Each structure stands twice: as C-alpha cells, then as structure tokens.
Amino acid sequence: MTVVQETGVGALTVWPASTTEPRPGDLRVEGVALAEVADRFGTPVYVLDEDEVRDRCRTYRDAFPDAEVLYAAKAFLCRAMVHWVEEEGLGLDVCSAGELELAVTAGFPAERIVLHGNAKSPRDLETALRLGVGRIVIDSPSEIARLAAAVGPGGQQKVMVRVVPGISAGGHDKIRTGTEDQKFGLSICDGYAQHAIARILDQPQLRLTGLHCHLGSQITSVKPYLAAVRRMVGLMARLHEQHGLVLPELDLGGGHGIAYRPGEPALDLTSLARRVRAELADACASAELPVPRLLIEPGRAVVGPAGVVVYRVLAVKRTGSHTYVAVDGGMSDNPRPALYGVRYAPRLAGRHSAAAPARVTVVGRHCEAGDVVAADVELPGDLRPGDLLAVPVAGAYHLSMASGYNMVGRPPVAAVRDGQARLLVRRESLEDIRGRDVGL
C-alpha cells in the first residue's frame, strides 16, 4: 500500500496514522475501507482507530512517566474507551454522575477517577461518594459544606481546589477558562481561592490533596503552562507560610491543542513535558517546597485525531458564485463549527475523481443557516449525490456534544483494528426517540 503524498488537497497529515490510499479514492483506516464502513453501518458514522487511541495514551505515559495522566472523558466516552484507557494505564477525569457511572460499571477503578464540574448536582456528589471516587475538585465555596455534610461524620473524601490563575490561553473565547470573570474555579487575585482553602482545612471530612487549574482548550504553546506553574507554586508557597500546608499534588488540567487541517500548529508534547518538569522543579526550589506530583488531563489530544466521520452527499446546489454540498449530518452530530468556528478538511472517499478541484462549502441537513460542516474548501468539481465525504479529527467533541435537533438521531461509532470494523455505539433510532416521549 502507498500513502497519499502529503501535498495539496490529498494531505493526510491530520488523519489517523494508519490511513492509507491503496488506490485513488479508496481511503482506508487500519486497513478498513471507509466506504465499507459506510455501507455496513450507514451514514453519518464515526470511525475510531483503536490503535491510534492506545498509542496516544502510551505517548502521554512516556512523556510524563512520573505524573498521573487522566483521560478527560468529556471528549468522548463509551464502554470500549473506558477499557482502552484503563488498559493503557491512564486515570479518568469525569464531569457528571452519568460519565462516572458508565466508567465504574464498565469496570474502571473508582479510586483512579477525578470528578470535576462547576455546578455539581446532589446526584453527582452522592454518586461520587457512593462509588468511592478518588478525588473531587471543589469549584465553588458552596460545595465545601455540602460535600462535608454528604461525607458525614467519621468519613473522609480527598479533594482538590480549582484555582483561576488569571492566564488567557486557548483557541477561542468560549474555551478559555484560566481567565478572571468566568464560571470556573476560584480566583487567586481576589482571595476567593485562599478563603475556600482555609474553609476546607476546617472540615475534617475533607482531605485537601492539591490544587487544580485548567487554562482552556486548543492551546498550542507551552508558555501558558509555564506561567501557570509559577502562579500555582506561588500560591502553594503562601499556603505553606499561612497554614504550614504542604500539598502533594498539582493538576495542570489539559487543553492540549491539535491540528484540524494540514499545516495548523499542535502542542509539542515532548517540549511541554520537559519544560513543565523543569519549571516546576525550579519554582519549588525557589519556594523551598517539595515538588508535588503532577497531574494532567488530556482528552481531545488522545481521541480527536483518532476519529473520522463519514457523511453521504444528499445534494449539490449552485447559488450565485457559491456551491453548497449538503450531507446527511451536520450540527446535530458536530456543533463545533457553529459554536467555535472550527474549520475541517473533508475528502472524497469511496471513488476516484479526476475532476479539477472546486471551491465549495459543505453544509448539514438541519434548519439553520449556520449548519456548516466545512466552509470554503477544495473538493473535486464533479461531486454528486450519493458520494461519501470523510472528515478527519472527529474523535473528540462530536458524539459527546451531539444533540437531538430535528430528531435525526445520533450516529453510531465503529472501531477499526487489524483490518476489521466493529460497532461500539449503535445509531440512535426513531424508536429510541419516540420511546422517550411518554405524554399525550
């Protein structure tokens, strides 16, 4: 087999590493033709390269051998993913009772799970305590008394405090979470973080193990993480001075950026690991503190590049100077272009085209003008209904953010490995949708 040359429209740099094209138009992942997956499971369909996910888990373990690596389940979660993460030695970061229950009932050790959330419900906390979750990240002062009361006398729960370090980083305003004046965490600048920590220390049911911060998502530079290390260690030093407190853990969150189109930047993981370790050691030496154990929470960077979504073209419409290619999915299975202006690089799959490329906009089937899959991209000029379009980097925040808009049903997920495809998550059927409607 030969891999398509990484030039022009045919570039495969952002596709799963196993992607090949043995014949023009015959796109394959792990030896499985995407056209065969579409025929077998229908479209739209998410295709996930299992080995790519596992390799990316190992890459993190190798880069951070002394750290605790927690996969951020919000990016994508199903029972198979739970097993892959557990088998590769990662922990889990969850945000709800639903994610937590799925993981534990699939066999994941609860003590290796961290529960997040800026507004945890009573059910979230009750489930976490019942299942024995490893740590709960406190995100607001009101959680302190509620959690202590739920633990009850004689019990104890490990907790961390989410701190806002006042650092702006991330690919879009809506995914920058390390800045002041937003819903996550407790600020260092206004003293809320320090006040919350003092309250936690007065609660015998709560055992503070460390500090947590998350700067945002799609960060492609190492510098914001180094700034975060300095500010978090600075807070640790003040806590040691005020309370004699030595915290054994520091969680720097995730947000590691990936490329969605050829030529886009991605975070250099090797550089991140090397420079964060050095910065942490230097900052702790200056503060005369022991170096805490590092925790990190990659999600998108583990599963995003391992996924592809395959659509079928329903219509090609030329309006004025624009050509619109409508597919059988859209914002109900991927709201990210509408939310964040994300741009993708789709490719024709399943047939060879010798036609010259044309500039088109790939749109979804939903009743919204903003339902755009990929704006202003080059695709073969002879696209027609029935063709397949494959979109790479679809493993993260596609199914997990999918909705019930227009009641089209959420797509299935198929895993590919060793030349075989198998179903992980079935398609949401019209029977599923009707079954939830119980009133007349």
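Is R130 buried, partly exposed or exposed? I looked this up to warm up: R130 has 47% relative accessibility, so it counts as partly exposed. My yardstick is that buried means under 20% relative accessible area, exposed over 50%, and partly exposed in between, with a 1.4 Å probe and protein chains only.

**Ground rules**

I am working with a predicted model, where local features need pLDDT of at least 70, side-chain atom pairs count only at pLDDT 80 or more, and totals for chains, interfaces and linings use all residues. Residues are numbered from 1 along each chain as its sequence is written, and side-chain values use heavy atoms, with hydrogens and water left out.

**Entry 1: R130 and its partner**

I stayed with R130 and found that its side chain meets that of E126 in a salt bridge, at 3.2 Å from N to O. By salt bridge I mean a side-chain nitrogen of Lys or Arg within 4 Å of a carboxyl oxygen of Asp or Glu. The two residues are separated by about one helical turn, because they sit four residues apart in helix 5 (residues 122–131). For helices and strands I follow DSSP runs, numbered from the N terminus: H or I of at least four residues for a helix, E of at least two for a strand. E126 is partly exposed too, with a relative accessible area of 40%.

**Entry 2: E50 and two arginines**

I counted up next: the structure holds 29 salt bridges. Which residue does E50 pair with at 2.9 Å? That is R417, 2.9 Å being the distance between the closest N and O atoms. E50 belongs to helix 2 (residues 50–63) and R417 to strand 19 (residues 413–417), so this pair ties together parts 367 residues apart in sequence.

E50 has a further salt bridge with R422, at 3.1 Å from N to O. Here too distant parts of the chain are linked, R422 being in strand 20 and E50 in helix 2, 372 residues apart.

I compared exposure as well. E50 is buried, with a relative accessible area of 3%. R417 counts as partly exposed at 31% relative accessibility, and R422 is partly exposed with a relative accessible area of 36%. I then noted the wider picture: shared partners join E50, D51, R54, D55, R58, E87, E88, R417 and R422 into one network of salt bridges.

**Entry 3: A17**

D51 led me to A17. Their C-alpha atoms are separated by 9.4 Å, and the two residues are 34 apart along the chain. A17 lies in the segment before strand 1 (28–29), and its 69% relative accessibility makes it exposed.

**Entry 4: the largest pocket**

How much space lies in the largest pocket? I noted about 1,200 Å³. On a 1 Å grid over the protein atoms alone, a pocket is an open set of points with protein on both sides within 12 Å along at least five of seven lines, a cavity is a set where a 1.4 Å probe fits but cannot get out, and lining residues have an atom within 4 Å of a point. Grid points are joined across faces, edges and corners, and a volume is the space filled by probe spheres set on the points.

The pocket is lined by 50 residues, with A73, K74, E99, Y397 and S400 nearest its centre. Helix 4 gives the largest share of the lining, three residues. By class I found 20 nonpolar, 14 polar and 16 charged residues. Ala, Val, Leu, Ile, Met, Phe, Trp, Tyr, Cys and Pro count as nonpolar, Asp, Glu, Lys and Arg as charged, and the others, Gly among them, as polar.

I paused at E99, which lies in helix 4. E99 is buried yet has no salt bridge, and K74, the nearest side chain of opposite charge, is 8.5 Å away; Lys and Arg count as positive and Asp and Glu as negative, while His and the chain ends are not counted.

**Entry 5: the cavities**

I found three cavities of 30 Å³ or more. The largest holds about 80 Å³ of space, and among its 13 lining residues Y46, L48, F76, A394 and G395 are the closest to its centre. Strand 3 supplies the largest share of that lining, three residues. The lining has nine nonpolar, four polar and no charged residues.

The second largest cavity has a volume of about 50 Å³. I listed its lining as M236, L245, V246, L247, C284, L289, P290 and P292, which by class gives eight nonpolar, no polar and no charged residues.
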